[in-house]
Every structure is written in C-alpha cells, then in structure tokens.
Amino acid sequence: MKSRDPQRQQGAGWLFVSPAIIVLGVFLVAPIGMALWVSLSDWSGSGSPISGDVNFIGTENYNALLADPGLARQDLMISFRNTFYYVLGVVPLQTMLALSLAVLLNNRFLRGRTFFRTAFYFPSVVSSVAISLLFLFLFAGSGAINNVLGWFGVNGPNWFQDSRGLIHIFGDAVGLWSIASPPSWMTSPSVMGLSFWEWFSGPSVALSAIMMQVIWTTAGTFMLLFLAGLQDLPVEVEEAAMVDGANKWQRFMNVTVPHLRPTILLVVTLGFIGTWQVFDQMYVMTQGGPAKTTLTPAYLSYQAAFTNGDWGQGAAIAFILFAIIFILTTTQRWLMRDKDASAQKRADRGVRRQRRRPTRVIVEETQRKAQSS
Amino acid sequence: MSAPPKDDGVPVTPELAAVGESRPSRVKKYWFYGMLLFFALLYIYPFIIQLVTSFKTDPDATGNALSLTPDPFTTGAWETLFSSNYPTWFTNSVIVTLCVTVGRVFFCSLAGYALARLKFTGRIALFTGLLAVMAVPGIVLLIPKFLILNYVGIYNTYPALIVPLMIDAAGIFIMKQFFETIPESVEEAARIDGAGTFRTFWSVVLPMAKPALITLTILSFQGSWNELGHFIVATNNPDLYTLTRGVAGFTTGGLGSGNQYPVAMAAALLMTIPTALVFIVFQRYFTQGANAGAEKG
C-alpha cells in the first residue's frame with residue numbers, strides 16, 4: 001500500500017496545490033506587494049516600477065489624498081460622499097425589495113413559483129455591462145422611464161446628464177434655498193475640501209439612476225437568501241401565532257422578521273461590502289460624471305492610474321479602499337460569529353441538514369460574485 | 001413534519017386553514033397577484049423592450065421607446081453589429097471562458113482535494129492563507145494586476161486574459177468543503193486496490209463530487225463571461241477584447257452623440273443569451289441552496 005505512505009502524501013499534497021499557489025502567488029500576492037511599493041514611490045508608468053530610476057517617496061501619495069488640501073484630496077472626498085449616499089440608498093432598499101419579493105414568493109397559494117423566481121433572479125446572473133447598456137436606454141431623455149413618468153404628468157429629467165443632488169432639489173422645491181444661488185452659510189466654510197453645500201447634496205440624479213439599476217439587479221440574489229431563510233421557518237410556529245389570533249402583519253413583524261434576523265444581518269453586511277466596490281456601472285455608463293457626482297473610490301483609483309498616469313496615487317487609493325473594505329469584512333465576520341452556531345442548532349431540528357451545509361456556502365458564494373460585479 | 005409549499009400551488013397545509021385563517025378572500029387574492037404581476041413586469045419588461053428595440057431604427061427607438069412594435073421593422077442594427085468587431089469579441093469571450101472554466105474546475109478540485117484529504121506539512125498554513133486571499137476584493141487588484149502582467153511581459157496576450165482567472169480562492173474553498181463530506185472509507189477501498197493518489201482522486205473521488213463540480217463550472221462560466229475589470233487591465237488591443245470590454249467601449253465611444261440604441265440593445269441581448277441558456281438549463285444549481293429545503297421536504 002504505497003499510497004498510504006506519508007512521504008507520498010507529502011509529495012502529492014504539494015503537487016496538487018502547486019498550480020493554485022503559483023497562480024495566486026504570481027497574480028495576487030506578488031502584485032499586491034508591487035502595488036504597495038508603487039503607492040510609496042514616484043513611478044511614472046514608464047519602464048519597470050522596480051528599477052533604480054524609481055524613488056521611494058514615503059507616504060507622500062497618501063498625504064496628498066488624505067491630508068494636503070488640493071485636488072487629489074477633494075476628488076477622494078467627493079468619491080466618499082457619493083459612496084456614502086449610494087450605500088445609504090442602495091443597502092436598505094435592496095434589502096427591503098429582496099425581502100418583499102421573497103415573502104411574495106413564499107405565499108402558500110402561489111402558482112408558478114419557479115417562473116417568478118427565475119424572473120426576479122435572472123438579472124443577477126447577467127453581465128453588468130449588458131444591464132448597464134439596457135439602463136442607459138431606459139433612462140435616456142426620451143426613454144421608457146420618462147415615458148412612464150409622462151403618463152403621470154411628470155417631466156422626467158435627463159437622468160445621466162443631471163448632476164443636481166436630491167437634497168438640493170428637495171430644498172429648492174420646498175423653498176428652503178435656491179439651487180442657482182445656495183445660501184452663503186452653506187458654501188463658505190469647507191471641510192476636507194468640500195463645502196457643507198457640497199457635502200449635503202444627496203445623491204445626484206445620475207447616481208440615483210445607477211442606484212435604481214443596482215437595487216433592481218441585486219435584489220434577486222438576496223431574495224434567494226431570504227427564501228432559504230423563510231423555508232426554514234417551522235410552520236408550527238406560524239400556526240401557533242395564528243391560534244393566538246395574530247394578524248398577518250403582526251405575524252410578519254413578530255415571527256417572520258425575528259426568525260430572519262441572521263439573514264437580514266447577512267444581507268445588510270454583504271450589501272455594505274458590495275456597494276463600496278461599485279465600478280462597472282461607472283466605467284460603462286458615466287465615467288464618474290456628470291460633475292464627478294458618480295465618482296466612486298474604485299473608479300477614481302482606476303482613473304488616476306490609467307487615465308491620468310498617476311500610478312502612485314491610483315495605487316494609494318486602491319489601498320485606502322482595501323482598508324475600508326477590510327474593516328467592513330472583519331466587522332461582518334465578527335457580527336456573524338454566533339450565526340453559524342445558531343443556524344446549526346436550527347438545522348439540527350430538521351432532517352434535511354446533510355444537504356444544507358455545503359449548499360449554503362454555495363449560495364453565499366454565488367451571491368458574493370454577483371455583488372462584486 | 002408538514003411539507004413546505006410546492007410549485008403546483010396546492011395549499012399543502014390544509015389543517016392550517018382550518019385553525020384560524022379562512023382561505024384568502026377573492027379581493028386579497030387579486031391584490032396579491034396584482035403585486036406579483038407588477039414586480040414581474042418590472043423585471044421582465046426591460047428585457048422585452050431590449051429585444052424589440054434591437055429591431056427598430058434609431059429615430060424609432062428614440063421617439064417611441066416604449067412601443068412594442070418596431071416601425072419600420074429592420075434588422076439594420078444586427079447587420080451593423082455583425083459587421084463590427086463584435087464577432088471577434090464574441091469568439092474571444094468563448095475562448096477565454098472555456099479555458100478559464102476548464103482550468104478552474106480542474107485546478108480548484110485538485111487543490112481543494114489536497115486541502116481536504118491529503119496530509120502534508122503546511123496544509124493548515126495554506127488554508128489560512130486561502131481565507132486571507134478570499135477576503136481581498138477583486139476591485140482593488142486592478143492596478144496590481146496590470147503592473148504584474150506588464151512586468152511578466154504577457155500584457156496583451158491570451159495568457160494574460162486567461163491564467164490569472166484560472167484559480168479562484170473561493171472555488172478551492174467550495175471544493176474543499178465538499179470533499180470533506182465524502183466518507184473517507186471510499187478512498188480506503190481504492191487504496192487497498194492499489195490506486196495511487198491521483199488515480200484515487202480522479203476516478204473515485206471526483207465522480208462523487210459531481211454536484212459541486214457542476215456548481216463550480218457554472219460559477220466559473222458566469223464569472224468569466226461577465227468579468228470586466230480584469231479584461232480592462234489585461235489588454236488594450238481591440239483584437240483581444242472580450243464582449244464585456246468591447247461592448248463597454250461602445251457606450252463611451254459610439255453612443256455619445258448619435259445614439260445607436262438599437263445596436264446597443266442587440267449587443268447587450270446577444271451577450272446575455274449564453275448566460276440565459278446556462279441559467280435556464282442549470283437553474284437548479286444556481287438556486288439549489290435556497291431550495292434545498294423545498295426539494296427534499
């Protein structure tokens with residue numbers, strides 16, 4: 001029995017993992033090190049970044065982005081502001097839409113469940129480029145959305161050319177201020193390169209259109225997670241609540257939502273992580289415009305390096321973004337630490353658990369993929 | 001235990017109706033289906049518009065965005081599309097996706113199996129490293145990847161498009177998790193028969209991992225077909241563009257002034273079709289996790 005020989009397993013083990021180690025090492029670990037070096041250097045993009053002509057400049061790139069007043073810092077702050085409003089809009093709305101879709105689909109009397117589930121989930125598996133093209137058309141000046149708004153007498157905006165912030169528009173509409181001449185107390189003091197007026201703009205009309213697209217696209221994946229959670233809910237519990245005379249809404253709030261709490265937590269934290277990475281839509285649809293209102297850190301990093309040739313700064317932005325996402329991921333892992341234990345306990349009650357453990361990983365994985373694209 | 005809802009829509013828990021709630025009234029039912037129809041329209045109508053618009057003329061698409069009858073009907077957009085670089089991009093996408101998928105399924109299974117079953121020094125450290133790698137968001141790797149592809153000297157080649165995507169840490173993780181659920185006694189039997197490590201893996205363990213393999217295949221296919229970021233930084237040669245890269249350029253270059261919405265819709269539609277086919281055929285595997293309960297119940 002040669003193969004039982006530990007020596008042989010040693011060799012085979014390393015042989016089996018070697019392709020993975022080489023590819024991940026060369027195309028993931030090494031480049032991260034290289035980019036870290038570039039973010040600390042004055043490399044201009046020509047020649048090898050690891051040569052004698054390239055100088056170590058310490059944290060100069062990071063200082064320009066985070067400390068020194070200037071265009072670099074202002075752009076990064078604009079991208080943070082945009083992402084803040086983006087997250088604030090997308091995460092709650094996609095969670096609610098996903099939950100609503102799941103609850104609708106979970107109705108006992110529903111016919112054709114598979115059809116509806118397919119329809120709601122389909123956009124999640126389609127290329128973000130294809131979806132972006134579609135939405136460019138739907139949200140065009142004379143596009144479908146504005147046509148529908150027209151039925152209700154609303155004159156739709158020129159979505160992707162409109163840089164007005166929603167809060168600005170709202171304030172203008174209720175007479176708080178005029179967009180054309182913002183009040184001076186909001187424009188004069190500036191914090192990190194942006195005035196209050198700019199900080200409190202809200203998402204621009206263009207960014208809102210992208211937000212709607214992303215909510216529409218990703219809700220389907222999260223719906224699947226909610227459906228899985230809902231089908232775990234023992235019917236007996238709901239029955240008991242029914243016997244106690246709870247109405248539909250009370251049952252939803254007092255039985256369903258608490259039961260789904262781990263799933264809601266998962267969906268919200270995954271939403272946070274995903275929304276910080278948004279890039280494709282900006283690349284395809286707006287290139288950061290109009291007036292930088294759809295600029296995100298990921299797109300800014302790309303633009304700094306590939307468009308403006310400022311590699312050090314582009315790499316530095318990537319590492320700042322990395323740090324933010326790392327904090328979010330760590331927080332998620334920390335928040336979810338008890339979840340696996342309790343999910344296990346719940347699963348023990350059922351007979352179907354053998355299948356669940358591996359498949360649950362797969363759902364989460366599918367989901368992660370969809371989010372990051 | 002009582003069965004969860006099934007697709008045929010038969011109420012599976014009649015005793016429930018007897019306890020408290022009477023069967024939903026007609027009004028409630030209409031309200032429910034009304035909501036459902038609204039969401040279904042919201043999700044399906046855009047794709048119908050996409051299909052119809054691809055057979056419209058430019059002015060018709062701009063002027064009657066919602067209309068479902070092309071007036072006049074034309075295949076002009078499709079002809080424009082096929083005489084552009086689109087066929088090249090499509091071929092490239094097929095080549096890249098096939099290579100990435102085959103490579104990923106094979107190498108991730110190999111590594112996953114080693115991490116799950118083989119005893120070798122450094123295994124635990126490697127697994128920890130794998131978890132760390134999984135936490136790196138792809139989007140921050142754009143600049144690093146470009147740097148290394150240039151440094152290694154394969155920028156603007158097929159290997160640059162394919163090799164970096166061939167290993168996916170999450171894929172290794174999925175396979176490892178699955179292999180751990182296969183009873184060890186199966187391998188023992190093979191070993192007693194004198195099979196070597198690779199043979200045991202290839203002819204005994206791998207066939208048992210079919211569900212995981214199919215899932216990984218689908219994830220790889222979908223992931224590499226839809227990938228955009230990596231292809232942006234791996235090439236700037238239009239002959240090497242994949243669909244996502246090429247079509248993304250459509251919007252930034254061609255559509256700005258004289259909008260060619262029908263061409264754009266045709267381009268988007270055609271690149272969606274392979275995904276749609278795979279999705280419809282293998283839907284069970286996409287949604288399996290969510291339905292694990294329902295199917296077994």
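Me: Is A291(A) buried, partly exposed or exposed in this predicted model?
Reply: Happy to start there, with a predicted model in hand. A291(A) sits in the loop between α13 and α14 of chain A. Its surroundings hold 15 other C-beta atoms within 10 Å. A residue needs 20 or more to be buried and 12 or fewer to be exposed, so A291(A) counts as partly exposed.

Me: What is the phi of A291(A)?
Reply: A291(A) is not a glycine, yet its phi is positive. The value is about 50°.

Me: And what is the phi of K292(A), and where does this residue lie?
Reply: K292(A) is in the loop between α13 and α14 of chain A. With 17 other C-beta atoms within 10 Å, K292(A) is partly exposed. This residue, other than glycine, also has a positive phi, near 60°.

Me: Which residue is joined to P290(A) by a cis peptide bond?
Reply: P290(A) is found in the loop between α13 (280–286) and α14 (297–307) of chain A. The omega of the cis bond is about -10°. The partner of P290(A) in that bond is G289(A).

Me: What is omega for the cis peptide bond between D71(B) and P72(B)?
Reply: Let's move to chain B, where P72(B) is found in the loop between α3 (58–63) and α4 (76–83). A cis peptide bond joins D71(B) to P72(B). Its omega is about 0°.

Me: Which helix of chain A gives the most residues to the largest nonpolar core?
Reply: The largest nonpolar core has 166 residues, and those touching the most other members include A98(A), L133(A), M223(A) and F226(A), along with A111(B), A267(B) and A268(B). The top contribution, 18 residues, comes from chain A and spans residues 205–232. That helix is α10.

Me: Which domains of chain B each give at least three residues to this core?
Reply: The domain assignment of chain B gives two entries, and the core draws on each of them. They are domain 1 (14–80) and domain 2 (85–253).

Me: How far apart are the centres of domain 1 and domain 2 of chain B?
Reply: The centres are taken over C-alpha atoms. On that basis, the separation is 37 Å.

Me: Which residues does F226(A) touch, beyond those up to four places away in sequence?
Reply: F226(A) is among the members of the core that touch the most other members. Leaving out its sequence neighbours up to four places away, the list for F226(A) is A98(A), L99(A), A102(A), L260(A) and T263(A).

Me: What does R251(A) contact outside its neighbours within four places in sequence?
Reply: R251(A) lies in helix α12 (residues 248–275) of chain A, and 17 other C-beta atoms within 10 Å make R251(A) partly exposed. Its C-alpha is 9.8 Å from that of E239(A), twelve residues away along the chain. The contacts of R251(A) are E238(A), A241(A), A246(A) and T256(A).

Me: How far is V235(A) from S100(A) in space?
Reply: V235(A) lies in helix α11 (residues 235–243) of chain A. It has 17 C-beta neighbours inside 10 Å, so V235(A) counts as partly exposed. In sequence V235(A) and S100(A) are 135 residues apart; C-alpha to C-alpha, the distance is 19 Å.

Me: How many helices and strands does each chain have?
Reply: Chain A, with 373 residues, has 44% counted as buried, and chain B, with 297 residues, has 43%. By secondary structure, chain A has 17 helices and two strands. Chain B has 16 helices and zero strands.

Me: What share of the contacts with a separation of 6 or more in chain B comes from residues 24 or more positions apart?
Reply: For chain A, such pairs account for 69% of the contacts with a separation of 6 or more. For chain B, the share is 74%.

Me: Where in chain B is confidence lowest?
Reply: Chain B averages a pLDDT of 84, and 85% of its residues score at least 70. Helix α5 (residues 86–117) has the highest mean, at 95. Where pLDDT is low, predicted coordinates should not be read in detail. The lowest mean, 42, belongs to helix α1 (residues 14–19) of chain B.

Me: How many contacts beyond four places in sequence does the model have for residues 289–297 of chain B?
Reply: Residues 1–21 of chain B stay under 50 in pLDDT and have 33 such contacts. Residues 289–297 of chain B also stay under 50. Their count is 24.

Me: What ipTM does the model score?
Reply: The pTM is 0.86. The ipTM is 0.85.

Terms used
Residues are numbered from 1 along each chain as its sequence is written. Chains are lettered from A and ligands numbered from 1 in the order in which they are written. This is a predicted model: local features need pLDDT of at least 70, side-chain atom pairs count only at pLDDT 80 or more; totals for chains, interfaces and linings use all residues. A nonpolar core is a set of buried Ala, Val, Leu, Ile, Met, Phe, Trp, Tyr and Cys residues joined through C-beta atoms within 7 Å. Helices (H or I, at least four residues) and strands (E, at least two) are DSSP runs, numbered from the N terminus. Domain bounds come from an automatic or database domain assignment. Two residues are in contact if their C-beta atoms, placed from the backbone, lie within 7 Å. pLDDT is the predictor's confidence in each residue, from 0 to 100.
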